[in-house]
Amino acid sequence: MLYTCGYCNASIDTQGEKAPRPEYQAPAVTGTGANTAALVVGGIVSLCFMAGLVAFLSFSSATESTDGPTPTSVPGPSPVVAAPPPVAEKKAKFQWNSQGVPLAVDLNGDGMDDIIGRIRRHSSVPGKTETRDQVAAFDGKSFELLWEADLEGTASDLSGAVHVVHQGDRVVMSEPGAVHLLEPKTGKPLGRVALSDKPNRLCIPKGDTESVWVEVVDGQNLSFNTKTATARPAIEPPPACAPVKWNHQLCFVPVFRKSPVPCERPRNLPAVPGFRAEHVYKLEDLDVAMGERSPGSRVPMVAVFRRGEKAALWTENVADMDPRNVKESTVEVVDFSEGALFMVYALKEGGEQLVRRDLLTGRVGWDVPIPNSKSGSGVSQIRVHGGRVYVPHWVWLDVFDAKTGNLIGTLGTW
């Protein structure tokens with residue numbers, strides 16, 4: 001910065017270089033007056049020079065010293081700069097694999113059942129789309145991902161070969177050719193045992209606290225110990241794991257496989273006017289018959305009998321709505337819990353409903369739509385556990401409150 005005296009035109013460069021001083025032309029005078037004028041002008045020039053030098057030294061000292069001079073005026077407040085909004089983390093999309101029902105168990109010790117099941121992820125690469133199949137665990141409160149474990153094998157190999165159980169404070173997961181031991185909170189692998197063929201199912205022997213019986217397709221069954229991550233041959237199944245052999249008195253196989261409750265064809269049921277039974281679920285001393293209206297259009301109906309009595313406890317339409325809106329069929333997707341009967345039925349215009357009825361009176365608790373059920377395949381199996389109803393279908397898993405019918409959350413996306 002250049003400081004220039006407005007009186008004498010003398011200049012000083014604050015960068016340290018002395019600016020060239022313009023030549024001053026004094027008026028011509030004679031005698032004492034001239035000497036006096038010269039002294040006055042010289043004094044003024046000296047004062048200007050000294051003032052500029054002092055300003056230069058003060059400015060240089062203030063800029064070079066970390067303890068610069070105290071400002072004589074209080075600076076104004078710094079301008080407030082609004083922070084940019086946080087960028088929400090984009091969650092990776094996945095699809096729920098509706099084969100089978102999820103496992104509900106408390107993995108992280110917070111008192112709420114968490115959810116374990118199969119998912120698939122799609123990723124695009126040049127020229128094709130790759131699919132990755134996994135077993136994943138989700139928090140039961142927030143529905144956030146806890147962990148995931150990759151599965152080895154093609155889609156056809158994985159079909160019917162992926163099973164998950166919780167035993168001995170460990171998670172046991174099967175895939176084609178192997179069973180794995182996982183840490184419940186993190187999914188960390190703790191052990192692996194090879195199989196001679198695809199696993200057909202995993203079963204926890206009654207009263208056992210540390211082993212899982214592995215049924216293998218070729219019959220080379222194993223008993224897998226969750227404490228040691230070792231296995232030994234166990235060809236014969238434990239009593240509680242013996243498979244039920246199908247016979248002509250049982251329900252048709254597709255219906256039989258949809259529920260863990262024994263299902264039979266109707267035999268020796270008391271007659272109910274306007275109702276025809278198709279299959280019967282055996283619950284302690286109750287027979288729960290699923291069927292349809294007869295004669296007439298096949299409106300889905302249900303009747304409950306106390307075994308040995310001649311009259312039904314109650315007989316009602318499955319749906320709590322105008323039967324003209326309901327698709328003609330026999331309900332095959334059911335489950336039971338806490339004195340309640342849960343059923344899934346379809347609508348003529350598309351979509352499915354989940355209904356709860358009291359097992360002893362038939363009174364409707366609630367009847368609610370299943371989200372996104374107009375798309376893809378319908379519900380093939382449900383599970384009621386811990387006050388919740390788990391409804392897998394197509395690429396979603398919907399979780400309902402068993403008492404109110406409120407939708408708690410959904411896993412998976414299209």
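Hi everyone, let me start with two side chains: Phe342 is buried, and Trp366 is buried too. Before I go on, please keep in mind that this is a predicted model.

So what do those two rings do together? The centres of Phe342 and Trp366 lie 6.0 Å apart with the planes at 50 degrees, so this pair is tilted. Phe342 belongs to strand β22 and Trp366 to strand β24 (residues 364-369), so the pair ties together parts 24 residues apart in sequence.

Now for a second pair, Trp394 and Trp414. Here the ring centres are 6.3 Å apart and the planes meet at 25 degrees; with under 30 degrees as the cut-off for stacking, the pair is stacked. Trp394 sits in the loop between β26 (388-393) and β27 (396-401), while Trp414 is in the segment after β28 (407-411), so this contact links distant parts of the chain, 20 residues apart. Are these two buried or exposed? Trp394 is partly exposed, at 34% relative accessibility, and Trp414 is exposed, with a relative accessible area of 65%.

Staying with aromatics, a search of the whole structure gives five aromatic pairs. Phe94, Trp96 and Phe138 come together as one aromatic cluster. There is also a charge over a ring: the charged end of Arg265 sits over Phe252, 4.4 Å from the ring centre.

Next, the largest nonpolar core. It has 26 residues, and those touching the most other members are Tyr281, Val288, Met290, Phe336, Leu341 and Met343. Elements giving two or more residues to this core are α3 (253-256), β17 (275-283), β18 (286-293), β19 (300-306), β21 (333-337) and β22 (340-346). If you want one residue to click on, try Leu341: beyond four places in sequence, its contacts include Val288, Val302, Trp314, Phe336 and Leu359.

For something polar, let's look at Asp133, which is in strand β6 (residues 128-138). Asp133 has a relative accessible area of 11%, so it counts as buried. Which residues does Asp133 contact, leaving aside its neighbours within four places in sequence? They are Asn97, Arg118, Ile119, Arg120, Ala149, Asp150, Leu151 and Leu158.

Last stop, a hairpin. Strands β14 (residues 222-225) and β15 (residues 230-233) run antiparallel and are joined by four bridges. One of the bridge partnerships is Leu222 with Pro233 in β15. Four residues lie between the two strands, and in that turn Ala229 has a positive phi of about 60 degrees.

That's my tour, thanks for listening!

Key: Residues numbered from 1 in each chain as written. Predicted model: local features only at pLDDT ≥ 70, side-chain atom pairs only at ≥ 80, totals over all residues. Heavy atoms only, no water. Buried < 20%, exposed > 50% of the residue type's maximum accessible area, 1.4 Å probe, protein only. Contact = heavy atoms within 4.5 Å. Core = buried A, V, L, I, M, F, W, Y, C linked by side-chain atoms within 4.5 Å. Pairing = 2+ DSSP bridges. Phe/Tyr/Trp six-rings, centres within 6.5 Å; stacked < 30°, edge-to-face > 60°. Lys NZ or Arg CZ within 6 Å of the ring centre and 35° of its normal.
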